[in-house]
Amino acid sequence: MAETEKKKESNIVLALDFPFEKPENRKNLFSKAEQLLGGVHPYLCAVKFNHHLVLPLGTFDGVRKLVKMAHEEGLMTIMDCKVNDIGATNQIVAEYYYAAGFDALIANPFIGWEEGLKPIFEVAKRLSRGVILLIYMSHKAAAEGYGQTILDPETGEKLLQYVSFAKKALKYSADGAIVGATYPEKIREIHKILGEKVPIYSPGIGAQGGTAQAALNAGASYLIVGREITLAENPGETAKKIRDSARFAKRNPPDVFHDHL
Ligand code: O7M
């Protein structure tokens, strides 16, 4: 990802999300996505796909073509499937998404390592792909799960759930950590644990109230932006504006390119 960021001079990850379409009109979504990608790709380093497109278009019939298109434009692709099941199932999910061409997928560390995350990391390693972990989400109720105080089952130590997840992201050499832009103080705290070893990807800019400036100042490396771009009257112009503002935003600590992905 770091190389792509450097080459494309952008740290913007587009969340290629669209509003619900009646299933009989789902083919429109493909043209919408294709057209949007065609207009905004110069201002991105990656595209993140979610159920918004995988459900109506299918992984191998529709989404794979968009993944290929993103790759042809020199972009990385991330599948936001938030894998959250038993290891045997996770392994199959990972195999399919990597087979569709995705460079990385997103997993939920609540499932733990043995028979949880481990099989995903093993598939990723075998195929030289990435795994990005959720550390603190952007929505209002994030504290109910990610913000709980827990007793570490190994050490008996009392700590915050997201602190435990950040330490695990380091231990497992995750390729990225998701922390909501709506909680810059959490980005700062998590960045102190991760340093430059695991880059922070931050969603929640614009539509959810977060700002690029605050997320970058707190230590985020990449900004995940969806509706602010996908619903804009002029998506290309909007993406360029966000890319430019991110380029000139003060990053703390200053920009260091990452070795991951
Ligand atoms: O910019 P938006 O709000 O339109 O879209 C944000 C995207 O990021 C959307 O695809 C969400 O599913 C995703 N996201 C969050 O908004 N918050 C999170 O905490 C985590 C994610 C995410 O990308 O998880 C990997």
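## Cysteines without a bridge

Let's start with the sulfurs: searching the whole structure turns up zero disulfides. Keep in mind that this is a predicted model. If the term is new to you, a disulfide is a covalent bond between the sulfur atoms of two cysteines.

Take Cys 45, which is in no disulfide. Its nearest cysteine sulfur belongs to Cys 81 and sits 18 Å away. To count as a disulfide, the two sulfur atoms have to be within 2.5 Å, so a pair 18 Å apart doesn't qualify. Look at things from the other end and Cys 81 is likewise in no disulfide, with the sulfur of Cys 45 as the nearest one, 18 Å off.

Are these two cysteines buried or exposed? Cys 45 is buried, with a relative accessible area of 0%. Cys 81 is buried too, at 11%. The cut-off for buried is under 20%, so both values pass.

## The chain as a whole

Zoom out, and you'll find eleven helices and ten strands in the chain. How does the radius of gyration of the chain fit the globule rule? It is 17 Å, close to the 18 Å the rule gives for 261 residues, so the chain is as compact as a globular protein of that length. Along its principal axes, the C-alpha trace spans about 55 × 40 × 35 Å.

Now for the inside: 54% of the 261 residues count as buried. Then there are the contacts between residues at least 6 apart in sequence: 70% of these join residues at least 24 apart.

## Surface and charge

On the outside, the chain exposes about 12300 Å², and carbon and sulfur atoms supply 51% of that area. As for charge, the chain has 32 positive and 31 negative charges. Work out the mean position of each set, and the two points are 2 Å apart.

## Two residues with a positive phi

Here's a backbone detail to look for. Most residues other than glycine have a negative phi. Glu 9 is not a glycine, yet its phi is positive, at about 50 degrees. You can find Glu 9 in the loop between helix H1 (2–8) and strand S1 (12–15). With 46% relative accessibility, Glu 9 counts as partly exposed.

Lys 82 also has a positive phi without being a glycine, with a value near 40 degrees. Where is Lys 82 found? Look in strand S3, which covers residues 76–83. Lys 82 counts as partly exposed, at 29% relative accessibility.

Notes:
Residues are numbered from 1 along each chain as its sequence is written. This is a predicted model: local features need pLDDT of at least 70, side-chain atom pairs count only at pLDDT 80 or more; totals for chains, interfaces and linings use all residues. Side-chain values use heavy atoms; hydrogens and water are left out. Buried means under 20% relative accessible area, exposed over 50%, partly exposed in between (1.4 Å probe, protein chains only). Helices (H or I, at least four residues) and strands (E, at least two) are DSSP runs, numbered from the N terminus. The radius of gyration is taken over C-alpha atoms; the globule rule is 2.2 Å times the number of residues to the power 0.38. Contact means heavy atoms within 4.5 Å. Accessible areas come from the Shrake-Rupley method with a 1.4 Å probe; for residues, only the protein chains shown count as cover. Lys and Arg count as positive and Asp and Glu as negative; His and the chain ends are not counted. The place of a charge is taken as NZ of Lys, CZ of Arg, CG of Asp or CD of Glu.
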